[in-house]
Amino acid sequence: MTQKSISIVCPTLNEVNNVEAIYSKISKIVSYEWELIFVDDNSQDGTRKKVESLSKKDRRVRLINRVGRKGLASAASEGILSSVFDLCVLIDADLQHDINNINTMTNLALKKSLDVVVSSRFKNQQILSLSRNRENMSRIGNNLIDLILNRKLTDPLSGCFLVNKEKYIQLHHELFLSGFKILFDILSSKSGRLLKVDEVPIKFLKRRSGASKLRKTILLQFLWTFCARYIEKYIPLTFVMFCIVGSLGYCLHYFILSYFLDNSFASFSIAQLTTSYIVMVSNFWLNNTYTFGQSKLSGIEFFIGLFKFMFFCSFGAFFSLAISSYLLTLEFSPIVSGMLGAVSASLWNYVLNFRYTWKNI
Ligand SMILES: Nc1nc2c(ncn2[C@@H]2O[C@H](COP(=O)(O)OP(=O)(O)OP(=O)(O)O)[C@@H](O)[C@H]2O)c(=O)[nH]1
Ligand SMILES: [Mg+2]
């Protein structure tokens, strides 16, 4: 049987005093053939130089130096995507994760053909080196997450896990990659819910050197991912975003039209027409950047997309008018008729633009 190999991904931000220590622990403890990828976000404390000097001595050590890009989840992702081997293990640089777990997780993944193995801080009631506050927050977070994942995991917020690279590549486009909690992002994605997952307990240690990078904004990023995943269980998130952009468009329309009319720039019909086009361009831009950011159009495609968007939305407007007029004849109140017309037009606009402008299947 051939010896299995693993890629170890270690995101770093100002971890100069931990780099050498983690390398030497991995060299001593990991019993598989390995490569170690440091993904550094242009740390100013000399982390990059330290990794470079290690890499010169031992070619199994690699550096991804990210300039102008930031964030733990996206750094972890870049590390996994650039790995050479099929099994990737993510660990912190500060040695909070017991390196022995790299062997334990790999053994289990191979034995049971798993896609993900989580190093759980809470399995078997581990003693944690976390403050009481942090421990409680993690426990509450883990319980909340159960609402979405529906699988019995004790620590889906863990920062240390193994993932099968091929499976990761397949689901990568479904991820948000914001904040610290990439494991939750993976497991709660549509394809992530189908992964074969198990846990092993981990001894969670105190940070060895340097300072924590956990900030309050990270909590907000987690809450955003959590809410988005929760909504996504029931309605496509792109539809929610499309409706939000549409609603913003109505507000913009109101302000621009009022401005034109208050300043007597044009007759009502010219002002209304010009405003409609401005709003359509702004809605298209917002949808292209945010709602359908994964299939973002650029260059000539952008203009072709804009044309299609305007074409479909113009029909949407007629559609809305036809439906609301019909409902009025059935003696629905004007407001109900208007609202139902608007909802039908939103659905029409969404479905056609989703399918033909941004070419989603
Ligand atoms: N590349 C990169 N690495 C990061 C970033 N933020 C944190 N890291 C690294 O990610 C790992 C986890 O960060 P920590 O600050 O230890 O976060 P934590 O373990 O959740 O929090 P503590 O328990 O307080 O240490 C460390 O190796 C950090 O250097 C980032 O923005 N970019
Ligand atoms: Mg840490």
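Is Arg 48 buried, partly exposed or exposed? At 28% relative accessibility, Arg 48 counts as partly exposed. Hello everyone, and thanks for having me. That little question is a good way in, and we'll come back to Arg 48 in a moment. One thing to keep in mind while you look at the picture: this is a predicted model.

Let's start with the whole protein. If you trace along the chain, you'll pass twelve helices and seven strands. Put a box around the C-alpha atoms, lined up with the principal axes, and that box comes out at roughly 80 × 45 × 40 Å. The protein has 361 residues, and 46% of them are buried. On the outside, about 19,200 Å² is exposed, with carbon and sulfur atoms supplying 63% of that area.

Now, how does the chain meet itself? Take the contacts between residues at least 6 apart in sequence: 76% of these join residues at least 24 apart. As for charge, there are 42 positive and 27 negative charges, and their mean positions lie 3 Å apart.

Let's zoom in on helix 1, which covers residues 16-29. Which of its residues are buried? They are Asn 18, Val 19, Ala 21, Ile 22, Tyr 23 and Ile 26. And what covers them? The cover includes two helices you can find on screen, helix 2 (47-57) and helix 4 (100-112). It also includes strand 1 (5-12), strand 2 (33-40) and strand 3 (61-65).

Helix 1 has another side to its story. Lys 25 also sits in helix 1, but Lys 25 is partly exposed, with a relative accessible area of 41%. On the surface, Lys 25 gathers with Lys 28, Lys 203 and Arg 208 in a patch of positive charge.

Next, salt bridges. How many does the structure hold? There are 15. I'll show you three of them.

Here is Arg 48 again, as promised. Its side chain meets that of Glu 52 in a salt bridge, at 3.0 Å from N to O. Both residues belong to helix 2 and are four residues apart, which is about one turn of the helix. Glu 52 is partly exposed too, at 24% relative accessibility.

The second one joins Asp 58 and Arg 60, at 2.8 Å from N to O. The two partners sit in unlike surroundings: Asp 58 is buried, with a relative accessible area of 10%, whereas Arg 60 is partly exposed at 37%.

The third one is between Arg 66 and Glu 78, at 2.9 Å from N to O. This pair links distant parts of the chain, with the partners twelve residues apart: Arg 66 is in the loop between strand 3 and helix 3 (72-81), and Glu 78 is in helix 3. Arg 66 is buried, with a relative accessible area of just 1%. Glu 78 is partly exposed, at 22%. This pair also has company, as Asp 41, Arg 66, Arg 69 and Glu 78 are linked in a network of salt bridges.

Now for something about the backbone. Most residues other than glycine have a negative phi. With that in mind, have a look at Ser 113, where phi is near 50°, a positive value. You'll find Ser 113 in the loop between helix 4 and strand 5 (116-120). Glu 331 also has a positive phi, of about 70°, although it is not a glycine. Where is Glu 331 found? It is in the loop between helix 11 (300-329) and helix 12 (334-357). Glu 331 is exposed, with a relative accessible area of 74%.

My last stop is a nonpolar patch on the surface, of about 660 Å². Its residues are Ile 140, Leu 144, Leu 147, Tyr 230, Ile 231, Tyr 234 and Ile 235. Two elements give two or more residues to this patch, namely helix 5 (132-149) and helix 8 (216-232). Which element provides the largest share? Helix 5 does, with three residues. Tyr 234 comes from elsewhere, the loop between helix 8 and helix 9 (237-262). Is Tyr 234 buried or exposed? Tyr 234 is exposed, with a relative accessible area of 59%.

That's my tour. Thanks for listening, and do ask if you'd like to go back to any of these spots!

Terms used
Residues are numbered from 1 along each chain as its sequence is written. Chains are lettered from A and ligands numbered from 1 in the order in which they are written. Side-chain values use heavy atoms; hydrogens and water are left out. Buried means under 20% relative accessible area, exposed over 50%, partly exposed in between (1.4 Å probe, protein chains only). Contact means heavy atoms within 4.5 Å. Accessible areas come from the Shrake-Rupley method with a 1.4 Å probe; for residues, only the protein chains shown count as cover. Lys and Arg count as positive and Asp and Glu as negative; His and the chain ends are not counted. The place of a charge is taken as NZ of Lys, CZ of Arg, CG of Asp or CD of Glu. Patches are made of residues with over 30% relative accessible area and no salt bridge: like charges are joined within 9 Å, nonpolar side chains (Val, Leu, Ile, Met, Phe, Trp, Tyr) within 5 Å. A salt bridge is a side-chain nitrogen of Lys or Arg within 4 Å of a carboxyl oxygen of Asp or Glu.
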